[in-house]
Structure formats: structure tokens, C-alpha cells
Amino acid sequence: MTHGIDTDFLVAAEIRDHPFHHRANALLRSLLAQGHDFALAPQTLAEFIHIVTDPKRMPQPLTLAEAIGRAEHWWQAAEVVRVFPEGASVADFFTWLTRHQLGRKRLLDTLLAATFHRAGIQRLITNNASDYRVLGVFEIVTFQDPV
């Protein structure tokens, strides 16, 4: 099965001193061993590069070149299915923003969700379950301790 990757998972998997790195890495390895693959959208890579190079968010930010290299590695991985926003996903984006009364801080997640949904992705790896659960179209896979 293909699992959509939210940016928080990508950051945790790539940044060794991230609080959830070990759990993200364990989930990644487990899913790969079971033969699963991953869906990745360009907007996730852009957000990843933005976050991991930001000294306000990262105690030891990556250089832009390092961040680009890691993003390219994911984009080129054989286990990654590339998905792109298209007309129907943009229409879903607008519909979901209106229907669920989502604010400006939910724009990127909602567009990502619409992109995955239109690509047929049913599972999403994220620790931000509440950002996606309201849409009612994904099985959420988390990588943190249950609360």
C-alpha cells in the first residue's frame, strides 16, 4: 500500500536530533520491509527545505545545499510515487476549505491532502492527525507515543 508523507514525518525521519526521529525511522524501515511505498508531493519537499534550514525551528539547521540534497534523495527514491496537484485536487482544496471552515494556517495541509486524495492515496503518515482527520478520507498513521 502507498502511504502519503506529511512534512512532519519527512523532517523527523531526516533530522537525527528530532524528538521523533527514532520512531519515524522505525516506521519507515518497517513499512519498507513490508513492501509498502510512499507518495510524495513537490509541496512537501518545498516545506521540508523551508523548515530544516530555519534556525528558528532547528537547533542545527541544514544548509540549503544539504536540505536540497536530502529532498532530491527522497524524490529520486525507487519507493516513492510522485504525486502532483491537478485540477480536481485544486477543486477539492477549495471545497474542503469552505466546507470545513479551515483557516489560512491549514492551506498547505489541505492542498497536500487534496493532492493525495485525488492520487488515490488512502493512508497518510503524520503526527498532525487532527489536521487531516476532519476531511474523512484518510487512515492516519502516526509515529509518536499514543496520548
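In helix α6 of this predicted model, the residues Asp109, Thr110, Leu112, Ala113, Ala114, Thr115 and Phe116 are buried. These buried residues pack against three strands and several helices, namely β1 (2–5), β2 (37–40) and β4 (123–125) together with α3 (42–52), α5 (87–99) and α7 (129–133). The strands β1, β2 and β4 also belong to an open sheet of 5 strands, whose order is β3-β2-β1-β4-β5 and whose pairing is parallel. The points below take up the helix, the sheet, the aromatic pairs and the loop before α6 in turn.

**Helix α6 and its contact with α3**

- Helix α6 covers residues 107–118, which makes 12 residues, and the distance from its first C-alpha to its last is 17 Å, close to the 16 Å expected at 1.5 Å a residue.
- An α-helix has 3.6 residues a turn, so residues three or four places apart point the same way.
- Just after α6 comes glycine 120, which takes a positive phi of about 85 degrees.
- Two packed helices are described by the angle between their axes and the distance between the axes.
- For α3 and α6, the axes come within 10 Å and cross at roughly 150 degrees.
- On the α3 side this contact is made by Gln43, Thr44 and Glu47, and on the α6 side by Leu108, Leu111, Leu112 and Thr115; sorted by class, the contact has 3 nonpolar, 3 polar and 1 charged residues.
- Of the α6 residues in that contact, Leu112 and Thr115 are also among the buried residues of the helix.

**The parallel sheet and the helices on it**

- Within the order β3-β2-β1-β4-β5, the strands β3 (80–82) and β5 (139–141) stand at the edges with a single partner strand each, so one side of each is left without a neighbour in the sheet.
- From one strand to the next, the twist averages 35 degrees.
- Strand β1 runs parallel to β4, to which 3 bridges join it, and within this pairing glycine 4 stands opposite leucine 124, while isoleucine 5 stands opposite isoleucine 125.
- Helix α2 (residues 21–33) packs on the sheet, where it touches β1, β2, β4 and β5, and its direction makes about 120 degrees with that of β2.
- Helix α4 (residues 64–76) likewise packs on the sheet, touching β1, β2 and β3, and its direction makes about 90 degrees with that of β3.
- Strand β1 also pairs with β2 in the parallel sense over 3 bridges, and there histidine 3 stands opposite phenylalanine 38.

**Aromatic pairs**

- The structure holds 4 aromatic pairs, one of which is formed by tryptophan 75 and phenylalanine 84 in an edge-to-face arrangement, with 5.8 Å centre to centre and 85 degrees between the planes.
- The two partners of this pair fall into separate burial classes, since tryptophan 75, at 17% relative accessibility, counts as buried, whereas phenylalanine 84, at 49%, counts as partly exposed.
- Phenylalanine 93 and phenylalanine 94 have ring centres 5.3 Å apart and planes at 50 degrees, so this pair is tilted.
- With a relative accessible area of 12%, phenylalanine 93 is buried.
- Phe9, Phe20 and Phe143 are linked into a cluster by ring pairs.

**The loop between α5 and α6**

- Glutamine 101 is found in the loop between α5 and α6, and although this residue is not a glycine, it has a positive phi of about 50 degrees.
- At 71% relative accessibility, glutamine 101 counts as exposed, because the cut-off for that class is over 50%.
- Arginine 106 has its place in the loop between α5 and α6 as well, but at 17% relative accessibility arginine 106 counts as buried, because that class takes residues under 20%.
- Leaving aside neighbours within four places in sequence, arginine 106 is in contact with Ser130, Asp131, Tyr132 and Val134.
- Arginine 106 and glutamate 14 are 92 residues apart in sequence, and their C-alpha atoms are 24 Å apart in space.

Key:
Residues are numbered from 1 along each chain as its sequence is written. This is a predicted model: local features need pLDDT of at least 70, side-chain atom pairs count only at pLDDT 80 or more; totals for chains, interfaces and linings use all residues. Side-chain values use heavy atoms; hydrogens and water are left out. Helices (H or I, at least four residues) and strands (E, at least two) are DSSP runs, numbered from the N terminus. The expected span of a helix is 1.5 Å times one less than its number of residues. Buried means under 20% relative accessible area, exposed over 50%, partly exposed in between (1.4 Å probe, protein chains only). Contact means heavy atoms within 4.5 Å. Two strands pair if DSSP finds at least two bridges between them. Axes are lines fitted to C-alpha atoms, for helices over the stretch in contact, and angles run from 0 to 180 degrees between N-to-C directions. Ala, Val, Leu, Ile, Met, Phe, Trp, Tyr, Cys and Pro count as nonpolar, Asp, Glu, Lys and Arg as charged, and the others, Gly among them, as polar. Rings of Phe, Tyr and Trp (its six-membered ring) pair if their centres lie within 6.5 Å; planes under 30 degrees apart count as stacked, over 60 as edge-to-face and the rest as tilted.
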